[in-house]
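Me: Please take a close look at a single part of this structure and explain it to me in connected sentences. I am new to this, so tell me what each technical term means when you use it.

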Amino acid sequence: MTEKREYTGDYPEKTLYIPGPTEVREDVIEEMAQPMFGHRMDRMTDLYTTIVEDTKEFLGTENDVVVLTASGTEFMEAAVQNLVDEDLLVTTCGSFSERQANVAERLGKNVDTLEYEWGRAVKPEDVRARLEESEKTYDVVTCVMNESSTGVRNPIEEIGDVVAEYPDTLFVVDAVSALGGDFVDIDAHDIDVIFTSVQKAFAMPPGLAVCVVSDDAYEREVASESASWYGGFQRSLDYYDRKGQTHSTPAIPVMLAYRKQMKYMLDEGHESRDQRHREMAEYTRDWAADHFEMFPESGYESQTVACIENTAGIDVAATIDDVSEEYDMVFSNGYGSQLGEKTFRIGHMGEHTVESVKTLTDAIEDVADL
């Protein structure tokens, strides 16, 4: 049984290079210290409508946006509950895509999978073949945009174009570790639901999930008899249309921080933010090529999380501990039992730059004697 370990508040500050949470601007954190106010006051309407409409502007979408007090997992579950009557196709290539299949099974849905070896990417032509060959009409196809367990960036744009040819099938994308740091034109590629958590590339404190919902997805849920109550698209969006607020009490302090951070993101611009993340990814891949190898399939590497294969045979756990102890920087081991010492991961997302990532790689070189 787990025993209580008293939180003392006396801990050294560590710079985070993990796949999330990531670094947060100090003035964004300070926004959370404002005096509390009621979630049904006019001030809340001002706050919530600001963050929703700013998010739509940043993402460049005409679709509806929901900002909910939750992790992105809430929308993973809600999308399946809201949109799948019977059958869905889950594309799997790592831990988080496999989790989607598990969530759907737990909800009692009929789950077919299109499976890939960890490290390989989902291919649009395979999705097309499965949709053409199947005797079923799938309610939904799901895909993880950025499989952070393996560092794979799946081509969701091309997959969305394929799924769009099947009008009775909706396309749901888990973009938890990518959206905000990897540009995607949501509307142009007919993505019906795409969701994220703000503690990743949005560079926010944890506590909020963001979901973009198409009209087709909304209407599908309206016709459903078993939609999610808390994560229901209709309930969230109808309440927003009527009141400009959330249907349930939100994490107001985190929303205050979100308002501040979204202004920074708008000032930088989505495409510029995408370019900065691309430069960090390219630097990290080049560095990895000098000492190790990248784990993902070539050409499908993540723009926000580098998964690096430990071909140099370093002691990953010891290196992580030593970099943390000596340099107060934290990066991540491989995900789970499959990749624990076989790989390690560097989160280059949020407010990081090439210069800050180089500070970490220099520390790794020093500690690991590369």
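Reply: A residue is called buried if its relative accessible area is under 20%, exposed if it is over 50%, and partly exposed in between (1.4 Å probe, protein chains only). The model is predicted, so local features need pLDDT of at least 70 and side-chain atom pairs pLDDT 80 or more, while totals for chains, interfaces and linings use all residues. Residues are numbered from 1 along each chain as its sequence is written, and side-chain values use heavy atoms, without hydrogens or water.

The part I have chosen is an open sheet of seven strands, in which the strands follow one another in the order β2-β10-β9-β8-β5-β3-β4 and the pairing is mixed. Strands (E, at least two residues) and helices (H or I, at least four) are DSSP runs numbered from the N terminus, and two strands pair if DSSP finds at least two bridges between them. At the edges of the sheet stand β2, which covers residues 64-69, and β4, which covers 110-115; each has a single partner strand, so one side of each is left without a neighbour in the sheet.

Let us begin with β3, the partner that β4 has in the sheet order. Strand β3 spans residues 87-92, and six of its six residues are buried, so this strand is largely enclosed by the rest of the structure. Its side chains can be sorted into two sets: D87, L89 and T91 point one way from β3, whereas L88, V90 and T92 point the other way, and both sets are buried.

What kind of pairing links β3 to β4? These two strands run in the parallel sense, and six bridges hold the pairing together on paper, with V90 standing opposite T113, a residue of β4. On its other side in the sheet order, β3 has β5 as its neighbour. Strand β5 (residues 140-144) also runs parallel to β3, and three bridges join the two; here L88 has V140 of β5 as its bridge partner.

Elsewhere in the sheet the direction changes, for β9 (residues 193-197) and β10 (residues 208-213) run antiparallel and are joined by five bridges. Within this pair, T196 of β9 has V210 of β10 as its bridge partner.

Side chains add another kind of link, the salt bridge, meaning a side-chain nitrogen of Lys or Arg within 4 Å of a carboxyl oxygen of Asp or Glu. By this rule the structure has 17 salt bridges, and two of them involve places beside or within the strands described here. In one of them, the side chains of K136 and D112 meet with 3.1 Å from N to O. This pair links distant parts of the chain, since K136 lies in the loop between α5 (124-133) and β5 while D112 belongs to strand β4, 24 residues apart. K136, with a relative accessibility of 34%, counts as partly exposed.

The other salt bridge joins R153 to D182, with the closest N and O atoms 3.0 Å apart. Again the two residues come from distant parts of the chain: R153 sits in strand β7 (residues 152-153), and D182 in the loop between β8 (170-174) and β9, 29 residues apart. Is each residue of this pair buried or exposed? R153, at 13% relative accessibility, counts as buried, and D182, at 4%, counts as buried too.
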